[in-house]
Amino acid sequence: MGTRLLLVEDDPDLGRTVTQALEEHGFQVVWATSQEEAWEALWDVPFQALVLDVRLPEGEEAGFHLARTLREAGFTQPILFLTAKDALDDRLHGLELGEDYLTKPFALSELVARIRALLRRGEVRPRRVEVGEVVLEVEARRVLKGGLPIGLTAKEYQVLELLVLNRGRVFSKDEILERIWGPGYEGESNLVEVYVKNLRKKLGEEVIETIRGLGYRVPG
């Protein structure tokens with residue numbers, strides 16, 4: 001199986017061209033055309049690297065916003081920005097949020113070379129995290145307790161992964177909603193409480209702490 005990349009590019013011609021070029025070099029490419037599509041794809045399967053256009057349908061700097069949200073949510077895969085914004089401030093901003101920055105127009109051979117260079121730096125995201133008797137196998141998206149697999153829904157896993165990979169950090173209900181259900185979610189107000197309650201039933205009360213008035217955390 002080839003290395004899986006997420007390409008986020010709203011230009012249809014460029015998206016097709018880049019996807020074809022990367023696939024010809026052995027990469028598996030999932031192509032999203034908006035911030036919303038990218039967010040959904042990121043929770044479906046693991047990616048080894050992300051290639052993000054800065055300007056997306058959601059705004060002129062939507063790619064930067066997406067990258068910031070992903071970092072805050074615990075994603076540590078390398079990010080390469082593709083953009084026509086070549087001002088120094090834009091490049092510096094991109095390098096603060098990601099690992100590389102390539103301005104348009106660009107040579108496809110250079111894009112491939114830069115992606116390979118990023119991948120050689122290694123994946124920072126942990127493959128396995130232990131919290132007492134609970135083990136989170138990140139690559140397999142699997143949870144064990146006492147060595148036995150625990151069945152979680154997709155959203156239950158996402159909530160748990162967010163808290164575990166940011167162990168010790170307190171997340172408010174609004175932050176969890178934005179990171180798991182996406183920016184601008186307007187659903188049930190007690191949704192986070194319901195998912196935390198379900199996780200505690202399956203994994204134990206001690207796994208997720210309530211910090212009164214602030215939110216939730218996995219003890220550090």
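Two strands pair if DSSP finds at least two bridges between them. Helices (H or I, at least four residues) and strands (E, at least two) are DSSP runs, numbered from the N terminus.

This is a predicted model: local features need pLDDT of at least 70, side-chain atom pairs count only at pLDDT 80 or more, and totals for chains, interfaces and linings use all residues. Residues are numbered from 1 along each chain as its sequence is written, and side-chain values use heavy atoms, with hydrogens and water left out.

**Exercise 1. Place strand E4 among its partners.**

Step 1. Start with E3 (residues 49–53). It pairs with E4 in the parallel sense, over four bridges. Asp53 has Leu82 of E4 as its bridge partner.

Step 2. Trace the connection. The chain leaves E3, passes through helix H3 (residues 62–72) and enters E4; this β-α-β crossover is right-handed. Right-handed means that, with the strands pointing away from the viewer, the path from the first strand over the helix to the second runs clockwise.

Step 3. Turn to E5 (residues 100–103). E4 and E5 also pair in the parallel sense over four bridges. Here Leu82 stands opposite Leu102. With helix H4 (residues 88–97), E4 and E5 form a right-handed β-α-β unit.

**Exercise 2. Decide how enclosed E4 is.**

Step 1. Set the scale: buried is under 20% relative accessible area, exposed over 50%, partly exposed in between (1.4 Å probe, protein chains only).

Step 2. Sort the side chains of E4. Ile79, Phe81 and Thr83 point one way, Leu80 and Leu82 the other, and all are buried.

Step 3. Conclude. Five of the five residues of E4 (residues 79–83) are buried, so the strand is largely enclosed by the rest of the structure.

**Exercise 3. Find the residues with the most contacts inside the largest nonpolar core.**

Step 1. Define the core: a set of buried Ala, Val, Leu, Ile, Met, Phe, Trp, Tyr and Cys residues joined through side-chain atoms within 4.5 Å.

Step 2. Read off the answer. The largest core has 52 residues; Leu6, Phe81 and Ile176 touch the most other members. Helix H6 (residues 154–165) gives the most to this core, with seven residues.

Step 3. Look around Phe81. Not counting residues up to four places away in sequence, its contacts (heavy atoms within 4.5 Å) include Leu52, Phe64, Leu97 and Leu102.

**Exercise 4. Describe the setting of Glu156.**

Step 1. Glu156 lies in H6. It is buried, with a relative accessible area of 4%.

Step 2. Beyond four places in sequence, Glu156 touches Gly151, Tyr195, Asn198, Leu199 and Lys202.
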